[in-house]
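Visitor: Please take a close look at one part of this structure for me, the strands and the aromatic rings that go with them. I am in my first year, so please give each term its meaning as you reach it.

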Amino acid sequence: MRKLLIAVALMSIVAPLYAANLVVSNAWVRLLPGDLPLAGYVHVMNNSTHEVTLVSASSPDFATVQFHQSMNHAGMEEMMHLAKVSIPAGKSLDFAPGGYHLMLMGRKQPLAVGQHVALTLHFADGSKQTIQFVVKGATGK
């Protein structure tokens, strides 16, 4: 029993460090007119020795943030909602146009090119990381 308690205590100290081993870059949101859902893109590098699993995302600027993946099946574009996204140890994942992306729905306030929005990634180990995404136009500029 003592070994189990020590293992659980060590896991509670180490687990939140997984998110700290992620390096994010090129975080941006594609601005679309009106109430259309927006998409968030970011490069995420997992420098830890463990697979990292993203289980949700949130933002004070949107009612809902979901993980989605766009795919082309037999010439038809499809978008699939994902409950979670995993990044293997030592690997990276691109949330980029035409692939994985963060679907931002229910915009709570108007946004303009050049503004920043905060998005928080929530991990399976209970840790989280907030990232500032720059708002870009529909063409990514």
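**A close look at strands and rings**

Guide: Strands β3 and β9 pair in the antiparallel sense, joined by four bridges; a strand is a DSSP run of type E with at least two residues, numbered from the N terminus, and two strands pair if DSSP finds at least two bridges between them. This is a predicted model, in which local features need pLDDT of at least 70 and side-chain atom pairs count only at pLDDT 80 or more, while totals for chains, interfaces and linings use all residues. Residues are numbered from 1 along each chain as its sequence is written, and side-chain values use heavy atoms, with hydrogens and water left out.

Within the pairing of β3 and β9, Ser 56 stands opposite His 122 in β9. Strand β3, residues 52-58, is also joined by three bridges to strand β6, residues 85-87, and these two run antiparallel, with Val 85 in β6 as the bridge partner of Leu 54. Strand β9, residues 116-123, pairs with β10 in the antiparallel sense over seven bridges, and one of the partnerships there is that of Val 117 with Phe 133 in β10. These two strands form a hairpin with four residues between them, and Gly 126 in the turn has a positive phi of about 95°. On its other pairing, β10 meets β1 in the parallel sense over three bridges, where Val 134 in β10 is the bridge partner of Trp 28.

That tryptophan leads to the rings. The structure holds three aromatic pairs; rings of Phe, Tyr and Trp (its six-membered ring) pair if their centres lie within 6.5 Å, and planes under 30 degrees apart count as stacked, over 60 as edge-to-face and the rest as tilted. Trp 28 and Tyr 41 have ring centres 4.7 Å apart and planes at 45°, so this pair is tilted. It links distant parts of the chain, since Trp 28 is in strand β1 (residues 22-30) and Tyr 41 is in strand β2 (residues 38-46), 13 residues apart. Trp 28 is buried, at 9% relative accessible area, and Tyr 41 is buried at 7%; buried means under 20% relative accessible area, exposed over 50%, and partly exposed in between, using a 1.4 Å probe and protein chains only.

Phe 67 and Phe 95 form another tilted pair, at 6.3 Å centre to centre with 40° between the planes. Phe 67 lies in strand β4 (residues 62-73) and Phe 95 in strand β7 (residues 92-95), so the pair ties together parts that are 28 residues apart in sequence. Phe 67 is buried, with a relative accessible area of 3%, and Phe 95 counts as buried at 3% too. Together with Tyr 100, Phe 67 and Phe 95 form one aromatic cluster.

Both of these phenylalanines also appear in the largest nonpolar core, whose 28 residues include Leu 54, Phe 67, Phe 95, Leu 102, Leu 104 and Phe 133 as those that touch the most other members. Such a core is a set of buried Ala, Val, Leu, Ile, Met, Phe, Trp, Tyr and Cys residues joined through side-chain atoms within 4.5 Å.
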